[in-house]
Amino acid sequence: MNLSDTIVALSTAQGTAAIAVIRISGNNSIKIIDKLFESKTGKSIVESESNKAIFGEIFFKNKIVDEVIVTSFKNPKSYTGEDVIEISCHGSEYIQKKIIELILNCGARMAEPGEFTLRAYLNKKMDLSQAESVADLISSKSESSHHIAINHLRGGISNTLGQLRQQLLEFTSLIELELDFSEEDVVFADRKKLFELLQKIKLTIESLLTSFSTGNAIKNGIPVSIVGIPNVGKSSLLNALFKDKKAIVSSIEGTTRDSIEDTLNIGGILYRFIDTAGLRETKDEIESIGIEITKEKISSSKILIYMVDISTQSSDEVVKAVKELSNDNISIFLVINKIDISKKDDLNIYLKELEKKNVSDFIFHTECISTFNNDDIEKLKSHFSGKYHWNSSNTLITNQRHWAALQLALESINAVINGLNSGVSSDLLTIDIKQCLYEIGTITGEVTTDDILGNIFSNFCIGK
């Protein structure tokens, strides 16, 4: 990848549309488009002001290719920090390809995935964590994931870590200055203040690490497993939630032998509902595999919907099952199904039995539904809006790379704290402090390698 090249790419989605946007970036962007474009006013792009949209025509061999709007963003006031041209044309695939072909013939090359944002990072228009948030923003599918991506794009992580990193750098400089005057036995870095700063950094990193579980779930869809014994209506619930026949429904036990999943936006948060095989003892080899998959899905879920049919499962069995599934990392919704065919008195007795056996100690909410009644399903969904929420003012970690770097940074901070407590020499302290600075720097981009940049930007779409 030659970063001095002028690059071009389609920035809107592939295919036919009302309009398409083609983006060019690099030193020759304005010269290239000036060869192909004639404005209606007769004023060239070279002469035009930056950040101005101009209406005109793209020509090839004196024939009009399309009427377009060209917007120029002259360096450094552009997305990439270079001269950038954006061409809004009609969304015909032929027109898109023809304009890009003409630009390539004038000396540009096709952009690599994420190359526009890579150039923005290299030209200091954003740091590395902000650059990564661009991809998250593009792929956001809910209000919550969009909010997190916007927060990161505006420097949420950078601001949180940047201030602490700067303070730690200042202490490192003072400690290294002490090493230069080791024979005079002078102290420049106040060890008490350093300890207080380390404790502050430790708390911040621990808070960010704890947030990863929530942030990653919100970004990718909070996993919700629908579980229970066979034939209680798990597949029927999945179909009712999505108002579609996503799963086969049958009166034959063991119909579901694999997990089926899809995402649903409830209250601005994306949930990933997973229909699973019924939990029971079986000698059927294929069904056994399905049950093992169910157990794996349960272990990775944030929420469980445990479904019950009061005609086939006693209250004691339900309480026992819920207790076994319960843990600190999961919330359980107890959903009693088939109330349309259950006697009201039997249902009330069943609910009182569950109450006496303190089932509420292990569950978040109990709901009685019929999967054939849309009102019941909407009522169940409404409780999800209140269950999973987050403090929108907090910075949440959603990136696995950031989480791994913070884990290593925390190890280094703990080593420095232990070193201070045990009175180790200044030169040993600086080794661990520098390692912490390195790990934080890999998140914001003060420290990078070609491998890191390659892995990050290769996952971007071309044109961004």
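This briefing walks through a sheet, its neighbouring helices, a group of aromatic rings and one serine in the structure above. The model is predicted, and residues are numbered from 1 along each chain. The sheet is open and is built from 6 strands with mixed pairing, while ring pairs link residues including F333, F364 and F384 into a cluster.

**The sheet and a helix across it**

- The 6 strands of the open sheet follow the order β9-β10-β8-β11-β12-β13, and the pairing among them is mixed.
- The edges of this sheet are formed by β9 (260–266) and β13 (365–368), each of which pairs on one side only, and the twist from one strand to the next averages 25 degrees.
- Strand β9 runs antiparallel to β10 (residues 269–275), and 7 bridges join the two; to follow one residue across, I260 has D275 in β10 as its bridge partner.
- Helix α11 (residues 344–356) lies across β11, β12 (331–336) and β13, and its direction makes an angle of about 155 degrees with β12.

**Helix α8**

- Helix α8 (residues 234–242) is mostly covered, since 9 of its 9 residues are buried.
- The buried residues of α8 include the hydrophobic-looking names L237, L238 and L241, but K234 and N239 are also among them.
- Just after α8 comes K243, which takes a positive phi of about 50 degrees.

**Aromatic rings**

- The count of aromatic pairs in the model comes to 8, and one of them is the tilted pair of F333 and F364, whose centres are 5.2 Å apart and whose planes meet at 50 degrees.
- This pair links distant parts of the chain, because F333 belongs to strand β12 whereas F364 sits in the loop between α11 and β13, 31 residues apart.
- F333 counts as buried because its relative accessible area is 0%, and buried means under 20%; F364, with a relative accessible area of 42%, is therefore partly exposed.
- F333 also forms a stacked pair with F384, at 4.5 Å centre to centre and with 0 degrees between the planes.
- Because F333 lies in strand β12 and F384 in helix α12 (residues 374–387), this second pair ties together parts that are 51 residues apart in sequence.
- F384 is buried, with a relative accessible area of 1%.
- Ring pairs link F242, Y271, F273, F333, F364 and F384 into a cluster, and F242 is also one of the buried residues of α8.

**Charges over rings**

- R23 lies over the face of F116, at 5.3 Å from the centre of the ring.
- In another such arrangement, the charged end of K464 sits over the ring of Y79, 4.5 Å from its centre.

**The serine S301**

- S301 is found in the loop that runs between α9 (285–299) and β11 (303–308).
- Although S301 is in a loop, S301 counts as buried because its relative accessibility is 6%, which falls under the 20% cut-off.
- The side chain of S301 makes a polar contact of 2.6 Å with the side chain of S225.
- Leaving aside neighbours within four places in sequence, the residues in contact with S301 are P223, V224, S225, N329 and I330, so S225 appears both in this list and as the polar partner.

Conventions. Predicted model: local features only at pLDDT ≥ 70, side-chain atom pairs only at ≥ 80, totals over all residues. Heavy atoms only, no water. Helix = DSSP H or I, 4+ residues; strand = E, 2+ residues; numbered from the N terminus. Buried < 20%, exposed > 50% of the residue type's maximum accessible area, 1.4 Å probe, protein only. Polar contact = N/O pair within 3.5 Å; in protein donor to acceptor, adjacent residues only side chain to side chain. Contact = heavy atoms within 4.5 Å. Pairing = 2+ DSSP bridges. Axes fitted to C-alpha atoms, helices over the stretch in contact; angles between N-to-C directions. Phe/Tyr/Trp six-rings, centres within 6.5 Å; stacked < 30°, edge-to-face > 60°. Lys NZ or Arg CZ within 6 Å of the ring centre and 35° of its normal.
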